[in-house]
Amino acid sequence: MALTLRCFIIDDEQPAQAVLEKFIKRVPFLELVGYSYNAVEALLAVQELKPDLILLDIEMPEMTGIEFLRSLNAPRPQVIMVTASPQYALEGFELDVLDYLLKPVAFDRFLRAINKAVTKLQPSVSLTGNVPALSVTSTSRPATKTGQPAAESASFFLVKEDKKLIKVLPEEIIFVEAMKDYLVIHLPARTITTHMTMTKIEEMLPSTQFLRVNRSYIVRKGSIREIDGNLITTIDGKRVPIGVTYRESVWEAMKENLM
């Protein structure tokens, strides 16, 4: 059966809706089944249309995106938040949203979020697997008021440590280590300990840059200094073992870098 994800947009700003609608049209397996400028009205529409995926703004009149999420009955569609407000990221992820996109959204960042939806809804399919290849061109960047392409929005996520929210760029991560119910994110100058599962952070990290090397470790490919048998040494001198069941996938992923 061909893959089709039925999408519904909720955003009170027409230009933002237009950008998302354009992006949806560029992806062959996405179908826009409806949109709403009002979260209250959208509750009924979502119940009737039963979309697979909701693209949801947060700051809207009458009802916010957070309030909308809390009002949805289970089982609910998958949700990607699309907003200009970064301060709601933690609350969004606590409500189990798939991804959190900051406006203006670049097309390649949109695709990465859609890939998470594909993986969640149909695990045997991914954008690098059984769906048509999609090209990213310069037209994917929204224009500024001056008519120039906007700078591509930085890809980052926010993690909670104690009572603080800490911004983390994927390219800063050396490796991620699981410790019972917590993760330790190793950065060049520090570590961050946060309450999160390996599955969750693996979904958030770019799959082209990171490798799951055993049940307890995810390593950024660019931070690998050497591989000696089943042992990885990272650029900060730490040693990470490659699990038996992960050996083949690790070597397959590193093939393209062999000389």
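Reader: Which residues does Val219 touch, leaving out those up to four places away in sequence?

Author: In this predicted model, Val219 touches Ile174, Phe175, Gln209, Phe210, Leu211, Val213, Ile224, Thr234 and Val240, not counting residues up to four places away in sequence.

Reader: And which strand is Val219 in?

Author: Val219 belongs to strand β12, which covers residues 217-220.

Reader: Buried or exposed?

Author: Val219 counts as buried, because its relative accessibility is 0% and the buried class covers values under 20%.

Reader: You listed Thr234 among the contacts. How far apart are Val219 and Thr234 in sequence and in space?

Author: The two residues are separated by 15 residues in sequence, and their C-alpha atoms are 8.4 Å apart.

Reader: Where does Thr234 sit, and what does Thr234 contact beyond its neighbours within four places in sequence?

Author: Thr234 is part of strand β14. Beyond its neighbours within four places in sequence, Thr234 is in contact with Ile174, Phe175, Val219, Ser223, Ile224, Arg225 and Val240. Ile174, Phe175, Ile224 and Val240 are also among the residues that Val219 touches.

Reader: Why does Thr234 count as buried?

Author: Thr234 counts as buried because its relative accessibility is 0%.

Reader: Which side chain makes a polar contact with the side chain of Thr234?

Author: That of Asp236: the side chains of Thr234 and Asp236 are joined by a polar contact of 2.3 Å.

Reader: Let us turn to the sheets. What is the strand order in the open sheet of 3 strands?

Author: The order is β13-β14-β15, and the pairing is antiparallel. The edge strands are β13 (224-228) and β15 (239-241), each of which pairs on one side only. From one strand to the next, the twist averages 25°.

Reader: How many bridges link β14 and β15, and which residue in β15 is opposite Thr233?

Author: Strand β14, residues 231-234, pairs with β15 in the antiparallel sense over 3 bridges. Opposite Thr233 stands Arg239 in β15.

Reader: And the strand order of the open sheet of 5 strands: what is it?

Author: That sheet runs β10-β9-β8-β12-β11, again with antiparallel pairing. At its edges stand β10 (191-194) and β11 (210-214); each has a single partner strand, so one side of each is left without a neighbour in the sheet. Neighbouring strands of this sheet are turned by 20° against each other on average, direction ignored.

Reader: β12 is the strand that holds Val219. How many bridges does β12 share with β11?

Author: β11 and β12 pair over 4 bridges in the antiparallel sense. One pair of bridge partners is Asn214 and Tyr217, the latter in β12.

Reader: Changing topic: where are the cis peptide bonds at Pro75 and Pro104, and what are their omega values?

Author: The bond between Ala74 and Pro75 is cis, with omega of about -5°. Pro75 lies in the loop between α3 (65-71) and β4 (78-83). The bond between Lys103 and Pro104 is also cis, with omega of about -5°, and Pro104 is in the loop between β5 (99-102) and α5 (107-121).

Reader: Why remark on cis bonds or on a positive phi?

Author: Because most peptide bonds are trans, and most residues other than glycine have a negative phi.

Reader: What phi do Lys50 and Asp96 have?

Author: Lys50, although not a glycine, has a positive phi of about 50°. Lys50 is in the loop between α2 (39-49) and β3 (53-56) and counts as exposed at 59% relative accessibility. Asp96, also not a glycine, has a positive phi of about 65°. Asp96 lies in the loop between α4 and β5 and counts as partly exposed at 45% relative accessibility.

Reader: What is the volume of the second largest pocket, and what lines it?

Author: The volume of the second largest pocket is about 310 Å³. Its lining has 15 residues, of which Phe93, Glu94, His195, Met196 and Lys200 lie nearest the centre. α4 (89-94), β6 (157-161) and α6 (198-204) each supply at least two lining residues, and the largest share, 4 residues, comes from α6.

Reader: Lastly, how many helices and strands are there, and what percentage of the residues count as buried?

Author: The protein has 7 helices and 15 strands. Of its 259 residues, 47% count as buried.

How values were computed
Residues are numbered from 1 along each chain as its sequence is written. This is a predicted model: local features need pLDDT of at least 70, side-chain atom pairs count only at pLDDT 80 or more; totals for chains, interfaces and linings use all residues. Side-chain values use heavy atoms; hydrogens and water are left out. Two strands pair if DSSP finds at least two bridges between them. Axes are lines fitted to C-alpha atoms, for helices over the stretch in contact, and angles run from 0 to 180 degrees between N-to-C directions. Buried means under 20% relative accessible area, exposed over 50%, partly exposed in between (1.4 Å probe, protein chains only). A polar contact is a pair of N or O atoms within 3.5 Å; within protein, one must be able to donate a hydrogen and the other to accept it, and residues adjacent in sequence count only if both atoms are side-chain atoms. Contact means heavy atoms within 4.5 Å. On a 1 Å grid over the protein atoms alone, a cavity is a set of points where a 1.4 Å probe fits but cannot get out, and a pocket is an open set with protein on both sides within 12 Å along at least five of seven lines; lining residues have an atom within 4 Å of a point. Grid points are joined across faces, edges and corners, and a volume is the space filled by probe spheres set on the points.
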